[in-house]
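Visitor: I am new to this structure. Could you show it to me and explain the words you use along the way?

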Amino acid sequence: MDLEKAKVTSKKFLKRLAIGLVLFAVVGTGLYVFFTLHYTYSDGVRVGIVQKLSKKGWICKTNEGDLAVVTTGMGQQAPSFQFTVRDDKVVEDIDALSGHKVELHYEEHRGIPSSCFGDTQYFVTSVKKTD
């Protein structure tokens with residue numbers, strides 16, 4: 001009888017361990033995603049002219065853009081700054097200012113686990129016309 005009781009006890013233990021590991025993985029992943037999306041690594045401003053703003057993705061549609069950064073040197077090619085916009089209001093503001101020199105305020109979120117949140121780690125939070 002002791003052997004039978006030990007089998008039952010070990011099966012219960014393994015079942016609880018498996019459930020606990022799955023719960024730990026789900027909760028851990030959720031916390032990781034929450035922290036990467038809600039806490040910024042850095043924030044800043046880039047000034048330039050928006051070259052492209054499009055909605056991309058097969059399943060997760062994200063707004064991706066490209067800014068031609070304004071340089072002060074003569075004859076230099078403008079570096080490009082790729083960014084993601086999560087807020088539809090900011091997308092509308094960028095569209096309204098197309099063709100103008102703009103100031104993009106962004107937040108950098110490192111370690112984002114999926115491209116469903118954006119193709120870049122730079123998320124534009126606001127836009128302002130500068131010229």
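**A guided look**

Guide: Glu108 is buried, with a relative accessible area of 5%. This is a predicted model, in which local features need pLDDT of at least 70 and side-chain atom pairs count only at pLDDT 80 or more, while totals for chains, interfaces and linings use all residues. Residues are numbered from 1 along each chain as its sequence is written, and side-chain values use heavy atoms, with hydrogens and water left out.

Visitor: Why is Glu108 called buried?

Guide: Buried means under 20% relative accessible area, exposed means over 50%, and partly exposed lies in between (1.4 Å probe, protein chains only). Glu108 has 5%, so Glu108 counts as buried.

Visitor: Where is Glu108, and which residues does Glu108 touch?

Guide: Glu108 is placed in strand 4. Strands (E, at least two residues) and helices (H or I, at least four) are DSSP runs, numbered from the N terminus. Leaving out residues up to four places away in sequence, Glu108 touches Thr40, Tyr41, Ser42, Gln121 and Tyr122; contact here means heavy atoms within 4.5 Å.

Visitor: What makes the pairing of Glu108 with Arg110 a polar contact?

Guide: A polar contact is a pair of N or O atoms within 3.5 Å; within protein, one must be able to donate a hydrogen and the other to accept it, and residues adjacent in sequence count only if both atoms are side-chain atoms. The side chains of Glu108 and Arg110 come to 2.9 Å, so the pair meets the distance limit.

Visitor: How do you know that Lys89 and Asp93 form a salt bridge?

Guide: A salt bridge is a side-chain nitrogen of Lys or Arg within 4 Å of a carboxyl oxygen of Asp or Glu. For Lys89 and Asp93 the closest N and O atoms are 2.9 Å apart, so the rule is met. The two residues are 4 residues apart in helix 2 (residues 88-96), which means a separation of about one helical turn. Lys89 is partly exposed at 48%, and Asp93 is partly exposed at 26%.

Visitor: How many salt bridges does this rule give?

Guide: The count comes to 4. One of them joins Asp119 and Lys56, with the closest N and O atoms 3.6 Å apart. That pair links distant parts of the chain, 63 residues apart: Asp119 is in the loop between strand 4 (101-108) and strand 5 (122-129), and Lys56 is in strand 1 (residues 42-56). Another salt bridge is between Lys128 and Glu103, at 3.6 Å from N to O. Here, too, distant parts of the chain are linked, with Lys128 in strand 5 and Glu103 in strand 4, 25 residues apart.

Visitor: Are Lys128 and Glu103 buried or partly exposed?

Guide: Lys128 has a relative accessible area of 46%, so Lys128 is partly exposed. Glu103 has 16%, so Glu103 is buried.

Visitor: Why do you say that the buried residues of helix 2 line one face?

Guide: The buried residues in helix 2 are Val90, Val91 and Ile94. Seen down the helix axis, the buried residues fall within an arc of 105 degrees, so they line one face of helix 2; the arc is that of the directions from the helix axis to the C-beta atoms. The face turned away from the buried side carries the exposed residues Glu92 and Ala96. Among the elements covering the buried residues are strand 1, strand 2 (62-69), strand 3 (80-85), strand 4 and strand 5.

Visitor: What makes Val90 count as buried?

Guide: Val90 has 4% relative accessibility, so Val90 counts as buried. Apart from neighbours within four places in sequence, Val90 is in contact with Val85, Val124, Thr125, Ser126 and Val127.

Visitor: What is found at the start of helix 2?

Guide: There, a side-chain oxygen of Asp87 reaches to within 3.2 Å of the backbone nitrogen of Lys89.

Visitor: Why is Pro79 called partly exposed?

Guide: Pro79 has 41% relative accessibility, so Pro79 counts as partly exposed. Pro79 sits in the loop between strand 2 and strand 3. Not counting residues up to four places away in sequence, Pro79 touches Leu67, Ala68, Val69 and Thr71.
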